[in-house]
Every structure is written in structure tokens, then in C-alpha cells.
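Please open the structure in your viewer and keep the selection panel at hand. The stops below are meant to be taken in order.

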Amino acid sequence: AGAHVFERDPREALGLAVETGKATNMRAALQAYYTPPALARRVVELSGVKSGDRVLEPSVGEGALAAAVLERVGPDATIVAYDVDAVALRKAADRVGRRVHGSFACLDFLEVTPEATYDVVVMNPPFTADADVRHVMHAWQFVKPGGTLVAVTWPAWHRSPSTAAQRAFAALVASVGGVVENVPAGTFEHTDVPTVIVKMRKPGAEQ
């Protein structure tokens, strides 16, 4: 009674607490601001995913985007998902993994070798230190000609790019005629960081 059961190995968080005298916010440390259901549905709607598509979700979190894909097209899509957080990944796999074709792997997506074999990429990447644009630009290499990528990002690259990574991403979006949509303030429960949705379609063969 009164005990706290940790979802993940507590040794790192407890060790840092002893060393620093401060509690560690694991959500912030992992940049785990999971996609709210309504936003997940909007991202998936914009992606135009259809039955039979091969879908990549590079930072699956607890599976909101994968669940929205499943809700839209049923179990006929193939979903390949990655996340660095084994606990969240397990929740995502439990949530949708048994009802779709595909795989869920605990890996840093930036270390995955690109293969341009996906019809659709949907993603809500980490944001800190241009992580969002780096993840999206890496994910772009996985989209096959005629495929679509839809991502939630921090708006700095779009409104006032100040780093090389932001400028490179803005140039990429412009070069393919990407579309940007503002996300309403207060959409995320645990952060008030502003966000936008960006949609890009890779030139080439029709899907």
C-alpha cells in the first residue's frame, strides 16, 4: 500500500536524483510529448493513407498515430514503427501491434538505414536542438516516389529559420511544394510549445 511501481528501470532516474538532489522528469528527458488523438487523426487524414499502404512511424510513442492509421484503413496497412523508449513502444505494440501487419522495434530512428519503400510516413518527432527537422529529413529518405510524409514539428524552421538545419529543411519543404498547417495552442496536454503540421509529397511515380 502506498508503493510506487515504476514502468521502466528506475535506477537511472533515482541515481540522478541522489546525485543532483532533483527529480528527473522522464517525459521531458525522452521528449515524450505524445500525439493527442484528435491531432493524430488530422495527421493521418492529411497523409491520405489507404488500404494496402506501407506506413512508417519513426517515433511511435504510445501508438496514437498508428492507432489513427488503423482507425482509418483497418488492418490492411503495414506499419513499421520505431521508438527509443521500450516502455512506450511496448504500449504501442499492445495497442495496435496485434491488429496490423508490420513490426515495432526499440531503436534510435536516426540510426536506421534509409530505404525508400514507404507509401506514407506519419510522425511526431522529438523537438529539442533541431531534432524535429533532423528526424523529418531522415524520414524523407524512406518515402518512395509518389509517397507522402506528414509530420508535427516546431514552427521555427517555417517562421524564422535561424540554424543551418532549419534553413535546409525550409528549402526542402519549399522545393516539393510542402503545405504547412498551424496546430491550435493547447493541443498538447503537457507542453505549450507551438507546433505545426507539415505535409510533403515526394515527386515521382503515382502511388
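What follows is a tour of selected elements and residues in this model, which is a predicted one.

Begin with helix H4, by selecting residues 64-73. Of the 10 residues in this helix, 8 are buried, so H4 is largely enclosed by the rest of the structure. To see which positions these are, colour Ala64, Leu65, Ala66, Ala67, Ala68, Val69, Leu70 and Val73, the buried residues of H4. Now add the elements against which these buried residues pack, namely helix H3 (37-47), strand S1 (54-57), strand S2, helix H5 (86-96) and strand S4 (118-123). Before leaving the helix, step to Gly74, just after H4, where the backbone takes a positive phi of about 75°.

Next, keep S2 in view by selecting residues 78-83, and pick out Asp83, which lies in this strand. Is Asp83 buried or exposed? Its relative accessibility is 11%, and because the cut-off for burial is under 20%, Asp83 counts as buried. A polar atom of the Asp83 side chain lies 2.9 Å from the backbone nitrogen of Asp85, a pair worth displaying as a distance. If neighbours within four places in sequence are set aside, Asp83 is in contact with Pro58, Ser59, Val60, Gly61, Leu89, Ala105, Cys106 and Leu107.

One of those contacts, Ala105, is the next selection, and it lies in strand S3, residues 101-106. At 22% relative accessibility, Ala105 counts as partly exposed. Leaving out residues up to four places away in sequence, Ala105 touches Ala81, Tyr82, Asp83 and Leu89. Draw the C-alpha to C-alpha distance between Ala105 and Tyr82: these residues are 23 apart in sequence, yet 5.0 Å apart in space.

Turn then to strand S5, residues 143-153, where 9 of the 11 residues are buried, so that this strand, too, is largely enclosed by the rest of the structure. Which strands pair with S5? With S4, the pairing is in the parallel sense over 5 bridges, and here Met123 can be found opposite Ala151 of S5. With strand S7, residues 196-201, the pairing is in the antiparallel sense over 6 bridges, and Val196 in S7 is the bridge partner of Thr153.

For the last stop, show S4 and S5 together with helix H6, residues 131-140, and follow the chain through them, since these three elements make a right-handed β-α-β unit.

Methods
Residues numbered from 1 in each chain as written. Predicted model: local features only at pLDDT ≥ 70, side-chain atom pairs only at ≥ 80, totals over all residues. Heavy atoms only, no water. Helix = DSSP H or I, 4+ residues; strand = E, 2+ residues; numbered from the N terminus. Buried < 20%, exposed > 50% of the residue type's maximum accessible area, 1.4 Å probe, protein only. Polar contact = N/O pair within 3.5 Å; in protein donor to acceptor, adjacent residues only side chain to side chain. Contact = heavy atoms within 4.5 Å. Pairing = 2+ DSSP bridges. Right-handed = clockwise from strand over helix to strand, strands pointing away.
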